[in-house]
Amino acid sequence: MTQTLDAWRITEQPAYQASNDEIAYYTAAYGARLPVMLKGPTGCGKTRFVEHMAWKLRRPLVTVSCHEDMTASDLVGRYLLGPEGTHWQDGPLTLAVRFGGICYLDEVVEARQDTTVIIHALTDDRRILPLEKKGELLTAHPDFQLVISYNPGYQSVLKDLKESTKQRFCAMDFGYPDPAVEGSIVAAQAGISDGLARKLVQIAGKSRNLRGHGLNEGASTRMLIHAGRLVAEGLTLRQACSLAVVTPITDDPDMRAALDAAVDACA
Amino acid sequence: MVDLAVKASWPDATLAAFPGESLGAFSAAHARLAGAGYGGEVPRVFATTARQVAERLGPQVALSLGTVTSRVAIKTRPRIAAIYLSTAASMSRDMDESTFLNWQAMMLGLLATAPESVLPLLERMDMLTGRLAPQALSAWIDTGLRLAGRDAARRLAYFRLELPEAQRLLERHAGDETFQSLERGLEAFHTALWGRNVPLREALPDPSGRAIGRASFAAGVVQLPPSLPGHGGNERLLYRAALAHIGAHFAYGGPCFEIGQLKPMQIAVVSLIEDARVETLALRDMPGLRRLWAPFHNAEPGGVATAPSLFTRLARALFDPDFPPEHGWVAKGVDLFNAHRERLADPAISRHIGNLLGNDLGQTRVQFNAKGYVVQPVYRDDNLGLWAFPDAMHQPPAEQIEMPVETRDLGKTDQGGATDHSPQPPADDPPDEAIAIAPSEPTDGARVTQLSEYDYAARIERPDWVTVNRYDPGPGDPRFWDKLTQRHAALVKRTETLVRQANVGRRKRLKRQSEGETLDLDAAISSAIAHRGGQTPDHRVYQGISAPVRSIAVHLLLDTSLSTGAETGAGSVLDLERDAAAILAQAMEQLGDPLAITAFSSCGREDVRTVLVKGFDEPVGMATGMALSGLKPAWSTRIGAGIRLAGRTLDPVPTHRKLVLILTDGEPSDIDVPDPDYLVADAKRAVQSLTVRGIDCFCIALGSPDRQRHSEIFGQNHVQTFENIRALPEKLTEIFFRLSK
């Protein structure tokens with residue numbers, strides 16, 4: 001059983017290129033131990049940013065990818081049956097609270113609403129986590145911080161944060177980086193030339209134009225890196241874009257044809 | 001044995017084509033035609049045609065020509081029978097035996113229903129068979145007959161391809177890509193490429209009926225030709241090339257050029273330079289566009305130096321650096337353009353270079369015919385969007401606006417002539433107002449979509465056959481909800497209780513689960529006992545709560561045809577539909593189940609009239625009440641279209657169950673459908689097509705069950721008939737609860 005968070009420490013520096021003041025913002029929020037909410041489209045670097053900050057601040061990072069079947073017990077912990085009877089197992093959130101780590105709940109709107117309510121007492125000035133089933137009131141470690149991410153793109157009536165949850169957080173809005181910055185990120189991460197990376201970013205721009213006009217999201221920086229890696233493996237730019245960008249992004253034949261043509265125009 | 005005399009009267013080729021006994025039959029058929037008084041031409045052409053057909057497809061097929069020819073001659077004119085024969089001869093060249101016989105049968109069928117259409121069809125038969133497969137041809141003819149109905153003049157116009165629908169259907173049956181079939185993809189392409197969402201429109205044919213061959217743009221709207229005959233297989237690329245070019249105008253163009261004193265030739269040259277300028281800039285940004293545009297630049301460097309040819313060459317030379325500018329004028333254009341490459345971002349250079357080149361060309365006395373000039377290459381727009389024409393040219397035809405004013409003025413003058421008339425303010429003159437509103441009504445609907453319809457006789461589903469228009473609801477009552485509560489106080493209360501009960505059952509506790517939020521104590525204890533007793537314990541010791549079990553979306557269709565105006569004793573049928581819909585809407589709102597309400601009626605297939613009372617994402621509110629109370633009974637009932645429309649709106653709703661509920665008081669009917677089975681079959685087909693997609697349809701039929709055919713359409717278990725219509729408001733919500741279980 002893990003009783004420290006050493007396994008969660010990040011030892012190597014995760015590459016991250018700041019496009020604004022986000023590092024200063026986050027450092028300040030962590031200094032004040034305020035919970036942070038990261039908003040932005042998928043694949044724009046939210047998770048990478050948290051990893052980078054955890055490394056920079058030398059804190060262990062406990063990441064939980066939320067899914068729609070996730071329950072409060074999955075976060076807090078539960079009693080398990082062992083050979084000697086039942087015993088308590090801390091969940092990831094409890095671990096971070098107990099030992100002072102950064103707990104990152106990725107895509108928090110995916111989780112069921114009752115899950116988000118348990119973080120309420122942690123995110124105001126009480127900073128406590130009541131473990132009802134265990135009968136323990138856990139006070140947060142001074143180094144503990146909660147970070148959640150949230151993609152407003154999927155926003156629907158069914159999936160949105162409660163107002164009472166939203167208002168507890170500082171929020172940082174992530175977008176796709178500026179084309180120049182994004183180009184250098186793609187070039188560095190995929191190991192391709194700047195010229196090719198710029199073309200990929202231009203293609204991504206075309207797909208982002210279609211956001212709300214047939215696509216839910218444009219191509220993410222992550223997709224571009226994938227496409228770049230495929231080019232480095234020997235595919236042509238058009239092949240790589242078809243494999244890593246156009247086909248994953250939509251099933252609509254009209255949209256695919258339009259995107260293919262747009263890739264063609266840039267390639 | 002065939003008579004020797006008969007043998008002697010025919011040339012050898014004929015004898016070879018009709019071996020043995022068939023010669024006698026051929027000879028007899030020929031004699032019948034010759035003796036029937038059709039004149040000399042028919043038997044003469046028959047002799048040749050029959051021989052040719054016999055050579056290709058055998059004597060039996062050739063002999064069948066005789067009877068069909070007589071029928072054509074009797075039903076129409078002998079001259080047309082002769083044309084029929086020569087067409088048949090050319091048809092037999094590319095057809096096998098059964099295809100040819102089917103073709104003959106098709107012509108016989110047409111002869112029986114629409115003899116006047118035989119000639120125009122024969123005249124176009126080569127073109128038609130060239131473009132359409134045999135089945136497609138027969139479907140195109142059937143569609144034409146159905147489209148025009150009993151109107152012979154309209155049938156004639158269809159088969160002469162004078163109706164725009166005829167051309168459009170021909171393209172569709174031929175499998176050509178048209179603007180309509182590509183529109184969505186093109187719009188996405190343009191938005192992706194240029195980051196602007198520009199409305200794309202299908203260009204209307206010009207008044208002379210000539211096809212539009214070039215794209216055009218003006219005032220932020222792009223017009224594209226409805227189809228691109230002669231570019232079969234390449235339509236998509238050509239449309240894309242045109243859009244990419246127009247997008248370049250939007251992205252890099254400046255304000256419109258002033259015409260000033262420019263001559264038509266100078267305008268054409270300036271436009272050409274401007275086209276090249278924006279394309280060069282676009283290619284700097286997106287080099288791949290060269291692949292899109294290049295195939296359409298097919299000018300040759302040499303040849304006669306007419307103005308259009310020189311323009312095409314210059315266009316290619318400016319696009320393609322490797323193109324040899326053999327002609328001096330083209331070379332000068334290229335040099336001038338290259339000299340300005342540093343300043344390409346400035347639209348003024350187009351005018352400057354264009355003026356210089358235009359003057360040069362003017363001095364060489366090359367003729368330029370502005371009227372016949374068409375911009376080349378084919379993907380480029382007509383350049384009208386580049387120029388600021390004097391205002392008058394852009395004004396819509398004035399008569400349309402002025403006519404009503406004129407009539408009214410005339411009326412006033414007449415009244416003014418009467419001595420005792422005193423002028424009245426218009427507001428005090430209700431009849432006048434009513435007249436003013438009535439004619440505008442059919443045009444104020446916004447076209448929403450086109451739906452297919454099933455023709456049971458032809459057994460085909462005709463795509464885009466029915467046009468759905470959306471109309472605004474009439475002026476409604478803002479206090480509708482208050483009045484509803486007054487009218488149905490007890491019912492509203494009862495429904496609320498029902499809703500509360502339904503709410504309670506929403507989540508379920510699940511015991512003995514292998515995963516869950518908490519330990520199921522009972523299971524844990526028995527597991528522990530089993531464990532201590534040395535048995536294998538059951539690992540399912542958790543309990544959880546199920547996800548919400550309700551997941552249903554409903555699209556409620558209200559039939560508002562004229563018959564729903566009938567009085568029931570407790571208001572009209574429509575009044576009761578209205579109240580029922582309102583109570584259901586309230587209940588579903590409280591449950592949080594998505595609901596849309598659409599009222600529908602129809603006035604022929606061109607105008608299925610819908611009123612969107614409530615969309616899935618709109619809350620129930622005053623607007624819903626006003627829309628409901630604004631519904632008026634009118635027109636007919638085209639149920640199939642309503643069902644298809646509801647299905648289409650339900651498709652993207654993310655619920656497990658999807659339900660179309662239809663409130664109707666009669667069987668389907670419409671003014672343009674004399675056959676009572678047609679719309680029933682179509683509605684049945686629509687229901688089936690929704691069932692396949694996981695959408696259930698349920699019909700609530702109002703009125704006497706006699707002679708109603710709803711169970712035929714929806715299936716026995718999907719219809720509930722209410723003879724006592726007054727109970728409807730109460731029952732509808734109950735039915736919903738039953739169906740949603």
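Biologist: In which helix of chain B does B:K483 lie?

Modeller: In this predicted model, B:K483 lies in helix α22 of chain B, which covers residues 480–487.

Biologist: Why is B:K483 called partly exposed?

Modeller: The relative accessibility of B:K483 is 33%. Buried means under 20% and exposed means over 50%, with partly exposed in between. The value of 33% therefore places B:K483 in the partly exposed class.

Biologist: What makes the pairing of B:K483 with B:D477 a polar contact?

Modeller: The side chains of B:K483 and B:D477 come to 2.6 Å. A polar contact requires a pair of N or O atoms within 3.5 Å, so the distance of 2.6 Å satisfies that limit.

Biologist: How many helices and strands does chain B have?

Modeller: Chain B has 30 helices and 16 strands. Of its 741 residues, 47% count as buried. The accessible surface of chain B comes to about 36,200 Å², and carbon and sulfur atoms hold 54% of that surface.

Biologist: Let us turn to the interface. How many residues does each chain bring to the contact?

Modeller: Chain B brings 29 residues and chain A brings 30 residues. Between them the two chains bury about 2,300 Å², with 54% of this area on carbon and sulfur atoms. In chain B, the residues that lose the most area to chain A are B:R184, B:A192 and B:E517, together 24% of what that side buries.

Biologist: Why is the meeting of A:D252 and B:R184 called a salt bridge?

Modeller: The side chains of A:D252 and B:R184 meet at 2.4 Å, N to O. The rule asks for a side-chain nitrogen of Lys or Arg within 4 Å of a carboxyl oxygen of Asp or Glu. The N to O distance of 2.4 Å is within that cut-off, and the pair therefore counts as a salt bridge.

Biologist: How many salt bridges does the rule find across the interface of chain B and chain A?

Modeller: The rule finds 3 salt bridges across this interface. It also finds 14 residue pairs in polar contact, both residues being at pLDDT 80 or more.

Biologist: Which elements of chain B supply at least two residues each to the side that touches chain A?

Modeller: These elements are α13 (179–194), α14 (235–252), α16 (289–293), β9 (518–519), α24 (521–532) and β10 (542–545). Helix α13(B) gives the most to that side, with 8 residues. The residues on the side of chain B that touches chain A divide into 13 nonpolar, 9 polar and 7 charged.

Definitions and conventions
Residues numbered from 1 in each chain as written. Chains lettered and ligands numbered in written order. Predicted model: local features only at pLDDT ≥ 70, side-chain atom pairs only at ≥ 80, totals over all residues. Heavy atoms only, no water. Contact = heavy atoms within 4.5 Å. Buried area = accessible area lost by both parts, 1.4 Å probe. Polar contact = N/O pair within 3.5 Å; in protein donor to acceptor, adjacent residues only side chain to side chain. Helix = DSSP H or I, 4+ residues; strand = E, 2+ residues; numbered from the N terminus. Nonpolar A, V, L, I, M, F, W, Y, C, P; charged D, E, K, R; others polar. Buried < 20%, exposed > 50% of the residue type's maximum accessible area, 1.4 Å probe, protein only. Areas by Shrake-Rupley, 256 points an atom, 1.4 Å probe, with all protein chains shown as cover.
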